[in-house]
Amino acid sequence: MLVMAESATLTAGLVAAAPAELRGSAMGLYSLIGFGGGMLGPAVFGAALDLAGGQGSVAAWACGYAAIGAGCLAAPLVARLFRAAR
C-alpha cells in the first residue's frame with residue numbers, strides 16, 4: 001500500500017532528474033523494472049514457501065517473506081554498484 005502511495009512522487013522525481021533527451025527511455029526502464037518485480041515477486045515468494053515446507057509451516061511463510069525482503073535489501077547495493085561502475 002505504501003509503495004502505491006509514493007508511486008507518483010517517485011515517478012515525478014524520475015522525470016525531473018532525467019535529462020530531457022532520456023526521459024522516455026528512463027520511464028520505459030522504470031516501468032520494465034517495476035512490472036518485472038511485480039511478476040517475479042510472487043514466483044520467488046511461492047518458490048521459497050514450497051522449498052521451506054509449504055503453506056502449513058509457519059517457518060516456510062517466514063522464508064517466503066524473507067526472500068522478498070532480501071530482494072528489497074539488495075536494491076540499494078545494486079544501485080551503489082551501478083553508480084560505482086560509471
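Q: At which residue does helix α3 bend by about 30°?
A: Let's start with the ground rules: this is a predicted model, in which local features need pLDDT of at least 70 and side-chain atom pairs count only at pLDDT 80 or more, while totals for chains, interfaces and linings use all residues. A helix is a DSSP run of H or I with at least four residues (a strand is a run of E with at least two), numbered from the N terminus, and a bend is the angle between axes fitted to the seven residues ending at a position and the seven starting there. In α3 the proline P76 follows the bend within four residues. The bend of about 30° is at A74.

Q: How far apart are the end C-alpha atoms of α3?
A: Residues are numbered from 1 along each chain as its sequence is written, and side-chain values use heavy atoms, with hydrogens and water left out. The expected span of a helix is 1.5 Å times one less than its number of residues, so the 28 residues of α3 should span 40 Å. The end C-alpha atoms agree with that, at 41 Å.

Q: Which residue caps the N-terminal end of α3?
A: The cap rests on a polar contact, that is, a pair of N or O atoms within 3.5 Å; within protein, one must be able to donate a hydrogen and the other to accept it, and residues adjacent in sequence count only if both atoms are side-chain atoms. Here a side-chain oxygen lies 3.3 Å from the backbone nitrogen of A59. That oxygen belongs to S57.

Q: Which proline comes shortly after the kink in α2?
A: Helix α2 has 29 residues and reaches 41 Å from its first C-alpha to its last, close to the 42 Å expected. Its kink of about 25° lies at L40. Shortly after L40 comes the proline P42.

Q: Against which helix do the buried residues of α2 pack?
A: Buried means under 20% relative accessible area, exposed means over 50%, and partly exposed lies in between (1.4 Å probe, protein chains only). In α2 the buried residues are G41, F45, A48 and L49. Taking contact as heavy atoms within 4.5 Å, these buried residues pack against α3.

Q: What is the angle between the ring planes of F45 and Y65?
A: Rings of Phe, Tyr and Trp (its six-membered ring) pair if their centres lie within 6.5 Å; planes under 30 degrees apart count as stacked, over 60 as edge-to-face and the rest as tilted. The structure holds two aromatic pairs. The one between F45 and Y65 is 4.9 Å centre to centre. This pair is edge-to-face, with a plane angle of 75°.

Q: How many residues apart in sequence are the parts that the F45 and Y65 pair ties together?
A: F45 lies in helix α2 (residues 23-51), whereas Y65 lies in helix α3 (residues 58-85). The pair therefore ties together parts whose separation in sequence is 20 residues.

Q: Is Y65 buried or exposed?
A: Its ring partner F45 counts as buried, at 15% relative accessibility. Y65 has 56% relative accessibility, so it counts as exposed.

Q: Which residues do ring pairs link into a cluster?
A: F45 and Y65 form an edge-to-face pair. W61 also belongs to the cluster. The full set linked by ring pairs is F45, W61 and Y65.

Q: How many disulfides does the model contain?
A: A disulfide is a pair of cysteine sulfur atoms within 2.5 Å. For C63, which is in no disulfide, the nearest cysteine sulfur is that of C72, 16 Å away. C63 is partly exposed at 38% relative accessibility, while C72 is exposed at 55%. The disulfide count is zero.

Q: Is G53 buried or exposed?
A: G53 follows α2 and has a positive phi, near 130°. This glycine is found in the loop between α2 and α3. Its relative accessibility is 53%, so G53 counts as exposed.

Q: Which residues does A26 touch, not counting residues up to four places away in sequence?
A: A26 lies in helix α2. Its C-alpha is 39 Å from that of G54, 28 residues apart in sequence. The residues that A26 touches are L14 and A18.
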